[in-house]
Amino acid sequence: MLYQLIVGTKLNIVNFYGAVGYLDGKNQTDLLGTYRVSDGVFFSEEIENPFSITSETKGVMATVGANLSLGFFGLNANYTIGDFNSASLGMNFTF
């Protein structure tokens with residue numbers, strides 16, 4: 001689940017936005033089969049059914065971004081700080 005408070009501007013050419021939120025997630029993957037896991041040259045281990053991977057993430061995150069509108073063409077960019085930092089660039093077309 002992601003809970004966010006998002007604010008932004010509504011200008012003609014360029015818009016800025018930001019968000020603050022809380023992320024809470026859990027993932028479990030179960031695999032069937034035989035897998036060889038190695039750590040470099042010296043260590044190797046064979047794992048058989050069932051092989052299960054569980055991961056959790058939770059915490060506060062923040063996003064800042066901008067959108068530039070040039071007629072029917074637009075560019076956007078944003079950066080998110082959190083458990084997994086990410087940056088994204090995009091372009092869009094409106095008709």
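Okay, let's start with charge pairs: the count here comes to 1 salt bridge, where a salt bridge is a side-chain nitrogen of Lys or Arg within 4 Å of a carboxyl oxygen of Asp or Glu. Before I show you that pair, a word on what we're looking at. This is a predicted model, so local features need pLDDT of at least 70 and side-chain atom pairs count only at pLDDT 80 or more, while totals for chains, interfaces and linings use all residues. Residues are numbered from 1 along each chain as its sequence is written, and side-chain values use heavy atoms, with hydrogens and water left out.

Right, the salt bridge. Its partners are glutamate 46 and arginine 36, with their side chains meeting at 3.0 Å, N to O. The pair links distant parts of the chain, 10 residues apart: glutamate 46 belongs to strand 4 (residues 43-47) and arginine 36 to strand 3 (residues 35-39). When I say strand, I mean a DSSP run of E with at least two residues, numbered from the N terminus. As for exposure, buried means under 20% relative accessible area, exposed means over 50%, and partly exposed is in between, using a 1.4 Å probe and protein chains only. Glutamate 46 has 43%, so we call that residue partly exposed. Arginine 36 has 57%, so that one counts as exposed. In general, side chains of opposite charge can pair when their charged atoms come close.

Now the sheet. How many strands does the open sheet have, and in what order? There are 5, in the order 1-2-5-6-7, and the pairing is antiparallel. Two strands pair, by the rule used here, if DSSP finds at least two bridges between them. Which strands stand at the edges? Those are strand 1 (2-8) and strand 7 (86-93); each has a single partner strand, so one side of each is left without a neighbour in the sheet. From one strand to the next, the twist averages 25°, with axes being lines fitted to C-alpha atoms and angles running from 0 to 180 degrees between N-to-C directions.

Let's walk across, beginning at the strand 1 edge. Strand 1 and strand 2 run antiparallel and are joined by 7 bridges, and a hairpin of 5 residues connects them. If you want a spot to click on, leucine 2 sits opposite leucine 23 in strand 2. Next door, strand 2 pairs with strand 5 in the antiparallel sense over 18 bridges. Here glycine 25 stands opposite threonine 57 in strand 5.

Stay with threonine 57 for a second. Buried or exposed? Its relative accessibility is 16%, so threonine 57 counts as buried. The side chain of threonine 57 is joined to the side chain of aspartate 83 by a polar contact of 2.4 Å. A polar contact is a pair of N or O atoms within 3.5 Å; within protein, one must be able to donate a hydrogen and the other to accept it, and residues adjacent in sequence count only if both atoms are side-chain atoms.

Moving on, strand 5 (residues 51-70) and strand 6 (residues 73-81) run antiparallel, with 9 bridges between them. Leucine 70 has phenylalanine 73 as its bridge partner in strand 6, and asparagine 67 has asparagine 76. The hairpin there has 2 residues between the strands, and glycine 71 in the turn shows a positive phi of about 70°. Also in strand 6 is threonine 80, which is buried at a relative accessible area of 10%. Its side chain makes a polar contact of 3.0 Å with the side chain of threonine 63.

Last pair: strand 6 and strand 7, antiparallel again, over 8 bridges. Asparagine 78 stands opposite serine 88 in strand 7, and the hairpin between these two strands runs through 4 residues. In the segment after strand 7 you'll find phenylalanine 95, exposed at a relative accessible area of 95%. Phenylalanine 95 and phenylalanine 72 are 23 residues apart along the chain, and their C-alpha atoms are separated by 6.2 Å.

One more thing, on the surface. Met1, Tyr3, Val20, Tyr22 and Val60 make a nonpolar patch of about 560 Å². Patches take residues with over 30% relative accessible area and no salt bridge, joining like charges within 9 Å and nonpolar side chains (Val, Leu, Ile, Met, Phe, Trp, Tyr) within 5 Å. The areas come from the Shrake-Rupley method with a 1.4 Å probe, and for residues only the protein chains shown count as cover. From that patch, tyrosine 22 lies in strand 2 (residues 14-31) and is partly exposed, at 36%.
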